[in-house]
Structure formats: structure tokens, C-alpha cells
Amino acid sequence: MTIELPPVIAAFFHATNTREFADFLSLFTADAHVNDEANDHYGAGIATWIDQATAETKPTANVTDITRDGEEIVVTAEVSGNFPGSPVQLRYFFTLTDDKIARLFIKAGE
């Protein structure tokens, strides 16, 4: 069964790929939690995280798979950019609340 990328997740990848972050925080709940590279980011701190995570590496994510695991939407993407080992497979584990991202864990693909 194939599932479609929910609009908020599509908007997340569009913002990341284009580095258009003006409305980025509006994609997240006020108390959202992001875990990337074993570091946690919460609420308004997510804006700082995305700026720092993309400033030099300029990543572009190409979604290759989408699955649902209970309440979690798992997106696999090939991510390329200005970093060693590019491209890499990453898995994005999204939990949505009221059509916003409440939790996002990003892990290296397997």
C-alpha cells in the first residue's frame, strides 16, 4: 500500500530543499521535538537547528519511500549536499498532531 506524503511533510522537504525558511516554524507544533544527529531541538529552537544544519551543507532530499508505522510516518530520502559521504540515505520519522509536525527523528538509513 502506497501512502501519499502529507502536505506538511511535503512542505518540510520543499523548505529544506529550497532553503526557504521564513514560515518553517509554522510547520511544527509549538512544543515540537526534533532529534537530528543525536541532538535534540525543541519549539522555537527548531528554527536555529534548520539554519545551522543547512547553511554550509546545502542538503537536497529526494524522497524514495514513504511508509506508516502506527502513528509514525517514515520517509526515506537520498540526501546529497556539501558534506563527506554525499549522498546518504536518511530516514525521517514524523509524528503529526493537528496537521503539524509534533516530533521528527532523523536517522541514517539502513
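Phe12 and Phe94 are both buried in this predicted model. Their ring centres lie 5.5 Å apart with the planes at 80°, and since planes over 60 degrees apart count as edge-to-face, that is the label this pair receives. The contact joins distant parts of the chain, with Phe12 in helix α1 and Phe94 in strand β5, 82 residues apart.

Phe12 has another partner to look at. With Phe24 it makes a tilted pair, 5.7 Å centre to centre and 40° between the planes. Phe24 sits in the loop between α1 and β1, twelve residues from Phe12. Phe24 has 2% relative accessibility and so counts as buried. Step back a little, and you will find one aromatic cluster formed by Phe12, Phe13, Phe21, Phe24, Phe28, Tyr92 and Phe94. The count of aromatic pairs comes to ten.

Now for the sheet. Six strands make an open sheet in the order β2-β1-β6-β5-β4-β3, with mixed pairing. At its edges stand β2 (39-42) and β3 (60-69); each has a single partner strand, so one side of each lacks a neighbour in the sheet. On average, neighbouring strands are turned by 20° against each other, direction ignored. Strand β1 (residues 28-36) pairs with β2 in the antiparallel sense over four bridges, and here Asn35 stands opposite Asp40 in β2.

Two helices pack on this sheet. Helix α1 (residues 7-18) touches β1, β3, β4, β5 and β6, and its direction makes about 135° with that of β5. Helix α2 (residues 45-55) touches β1, β2 and β6, at about 40° to the direction of β1.

Finally, try the charges over rings: Arg103 lies over the face of Phe105, 4.6 Å from the ring centre, while the charged end of Lys107 sits over the ring of Phe93, 5.1 Å from its centre.

How values were computed:
Residues are numbered from 1 along each chain as its sequence is written. This is a predicted model: local features need pLDDT of at least 70, side-chain atom pairs count only at pLDDT 80 or more; totals for chains, interfaces and linings use all residues. Side-chain values use heavy atoms; hydrogens and water are left out. Two strands pair if DSSP finds at least two bridges between them. Axes are lines fitted to C-alpha atoms, for helices over the stretch in contact, and angles run from 0 to 180 degrees between N-to-C directions. Contact means heavy atoms within 4.5 Å. Rings of Phe, Tyr and Trp (its six-membered ring) pair if their centres lie within 6.5 Å; planes under 30 degrees apart count as stacked, over 60 as edge-to-face and the rest as tilted. Buried means under 20% relative accessible area, exposed over 50%, partly exposed in between (1.4 Å probe, protein chains only). A charge sits over a ring if NZ of Lys or CZ of Arg is within 6 Å of the ring centre and within 35 degrees of the ring normal.
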